[in-house]
Amino acid sequence: MADSFQAPRGTRDILAPESERWRLLVQRFAEAAGQAGYAAVIPPMFEDLGVFERVGEATDVVRKEMFLLAEREGEARQALRPEQTASVCRIFAQHRPATPWKAWYAGSNFRYERPQKGRYRQFDQVGAEVLGTDDPDVDVEVIALAWRFYEQLGLRQVKLLVNSLGDGQGRADYTAALRRHFEDNVDALSAQSRETLQVNPLRVLDSKRPEDAEVVAAAPAMVEHLSDEDGEHFARVRAGLDALAIPYELSPRLVRGLASSTRTTFEFAAEALDAAQNAVGGGGRYDGLVADLGGPSVPGVGFALGVDRILLACDAEGVFAPPPSAVDVFVVCTVAGTDSLVLVDELRRAGLGADRAFDGRSMKSQMKAADRSGAKVAIIIGSQEQEAGVVAVRPLRVEGEQRSVARADAVRTVQGLLGTAG
Ligand code: HAM
């Protein structure tokens, strides 16, 4: 007996109608981003490991979750991308497009996670990045792009959390204060957080482990350590969000995956989902990343939204139903020959959605298939029609009676019935 295979752990096969909804979501995002002046960028699915390592040696993503490709002699070690911001920055460093460079992307990412609902080893994101400006209006623009996108999908229970991580000396002072706080309370921390503390105290704030909750809650907040310049930047971001009437919550302990994060950082939480996996998107500034990848010193800001989780949130809120995938017309043909092939081709070239049956099935079975297809109209070709050079046009889901029309008028008749003529 042949082996039987299943989708690998942590991956999912997405079939219709979910696959159609997925495609529509990406299309909507592409439209929204295009309308805001972003052009698509398509990074490779894998990069030299160094590209991802730069993003943050202290993050879980780099330390434990990378899908490494087999080592090949004489080549740099490579890994599947765990996210796309690093690739976008590498692309900028390599091609040096004019700034501000506004790019959007969509596609799969890979992280070796412990799979559960809303957390997968292969998952999709749509995202946008702006490189080459540190204008706080851009921070607001990217947040607004994501926010309006959720809104357009119909989501109403998304909460925006924002924080500023500062930069430079302010960030260094804060990290030192944080380290002192955690070291003073090290006995109360989980073993994992003690390990994280050695590498990056900021990341301890990210712990969702209950044992850490008390010490994390008592930790000093970055906003108290912002330099004047970073404080001013953050104030302008907040004023911009207010001006657009985008509600947000200040979240002083919000730090995110990228170790290179600076200044504005934000996350979108879907309140209709379980708290453990309710981040449906996140992003922020990373003003040193392009330079870390060998490019010029240009600031960047952007976000990525999790497609899998957004669709779970849509289910939970009962919005953004799968689009109907019906064709317009179904050709039922009981005579041998190429009549059906030719007519279907003609209908499709006229811009109509057209399908047909195969395998020379009976009239009854083909009519059932026509009904299942959701088509609004059936065109029937039997031996009588073939001899007379006509087809029978039968409305299935539009008003009207069945009628016989000349074969040459078939397409025009269907267009008339569907109101798509011209
Ligand atoms: P991230 O927070 O790692 O950020 O991922 C962004 C979103 O991707 C998450 O909010 C979540 O919706 C989704 N996501 C992440 N991991 C998984 C998973 N294992 N299964 C399902 N969904 C997942 C980034 O990736 C940064 N590149 C965001 C960014 C862009 N920062 C600046 N620019």
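This is a dialogue about reading pockets, ligand contacts, accessibility and backbone angles in one predicted model.

Student: What should I know before I start?

Tutor: Residues are numbered from 1 along each chain as its sequence is written, and side-chain values use heavy atoms, with hydrogens and water left out. The model is predicted: local features need pLDDT of at least 70, side-chain atom pairs count only at pLDDT 80 or more, and totals for chains, interfaces and linings use all residues.

Student: How is a pocket defined?

Tutor: Lay a 1 Å grid over the protein atoms alone. A pocket is an open set of points with protein on both sides within 12 Å along at least five of seven lines. Lining residues have an atom within 4 Å of a point. The volume is the space filled by probe spheres set on the points, which are joined across faces, edges and corners. Here the second largest pocket has a volume of about 190 Å³.

Student: Which residues line the second largest pocket?

Tutor: Among them are Gln116, Lys117 and Gly118. Others include Ala272, Leu273, Asp274, Arg309 and Asp315.

Student: How many residues of each class are in that lining?

Tutor: Ala, Val, Leu, Ile, Met, Phe, Trp, Tyr, Cys and Pro count as nonpolar; Asp, Glu, Lys and Arg count as charged; the others, Gly among them, count as polar. The lining has five nonpolar, three polar and four charged residues.

Student: Now the ligand. Which residues come nearest?

Tutor: A residue counts as near if one of its heavy atoms lies within 4 Å of the molecule. There are 24 residues around the ligand, and Glu83, Thr85, Glu113, Tyr120 and Ala279 come nearest. By class, this shell has eight nonpolar, nine polar and seven charged residues.

Student: Which strand gives the most to the shell?

Tutor: Strands here are DSSP runs of E, at least two residues long; helices are runs of H or I, at least four; both are numbered from the N terminus. β9 gives the most, with six residues. β5 (122-131), β9 (279-285) and β10 (300-306) each supply at least two.

Student: What polar contacts does the ligand have?

Tutor: A polar contact is a pair of N or O atoms within 3.5 Å. Take Glu83: an N or O atom of its side chain is 2.4 Å from a nitrogen atom of the ligand. Arg111 places a polar side-chain atom 2.9 Å from a ligand oxygen atom. Gly302 uses its backbone: an N or O atom there lies 3.3 Å from a ligand nitrogen atom. The ligand on its own has 660 Å² of accessible area, by the Shrake-Rupley method with a 1.4 Å probe. The protein covers 93% of that area.

Student: Is Phe268 buried or exposed?

Tutor: Buried means under 20% relative accessible area, exposed over 50%, and partly exposed in between, with a 1.4 Å probe and protein chains only. Phe268 sits in strand β8 (residues 262-270). Its relative accessible area is 0%, so Phe268 is buried. Thr264 is also placed in strand β8. Thr264 is at 1%, so it counts as buried. The C-alpha atoms of Thr264 and His233 are 8.4 Å apart, with their positions 31 residues apart along the chain.

Student: Where is Pro247, and is it buried or exposed?

Tutor: Pro247 lies in the loop between α10 and β7. Its relative accessibility is 51%, so Pro247 counts as exposed. Pro247 and Leu160 are 87 residues apart along the chain, yet their C-alpha atoms are separated by 7.0 Å.

Student: What is usual for phi and for peptide bonds?

Tutor: Most residues other than glycine have a negative phi, and most peptide bonds are trans. Now the cases here. Ala245 has a positive phi of about 55°. Ala245 is in the loop between α10 (228-243) and β7 (249-250). At 61% relative accessibility, Ala245 counts as exposed. Arg263 has a positive phi too, about 45°. Arg263 belongs to strand β8. With a relative accessible area of 9%, Arg263 is buried.

Student: Which residues does a cis peptide bond join?

Tutor: One cis bond joins Ala16 and Pro17, with omega about 5°. Pro17 is in the segment before α1 (18-35). Another joins Thr99 and Pro100, with omega about -5°. Thr99 is in the loop between α4 (85-95) and β4 (101-110). Its relative accessibility is 43%, so Thr99 counts as partly exposed.

Key:
On a 1 Å grid over the protein atoms alone, a cavity is a set of points where a 1.4 Å probe fits but cannot get out, and a pocket is an open set with protein on both sides within 12 Å along at least five of seven lines; lining residues have an atom within 4 Å of a point. A polar contact is a pair of N or O atoms within 3.5 Å; within protein, one must be able to donate a hydrogen and the other to accept it, and residues adjacent in sequence count only if both atoms are side-chain atoms.
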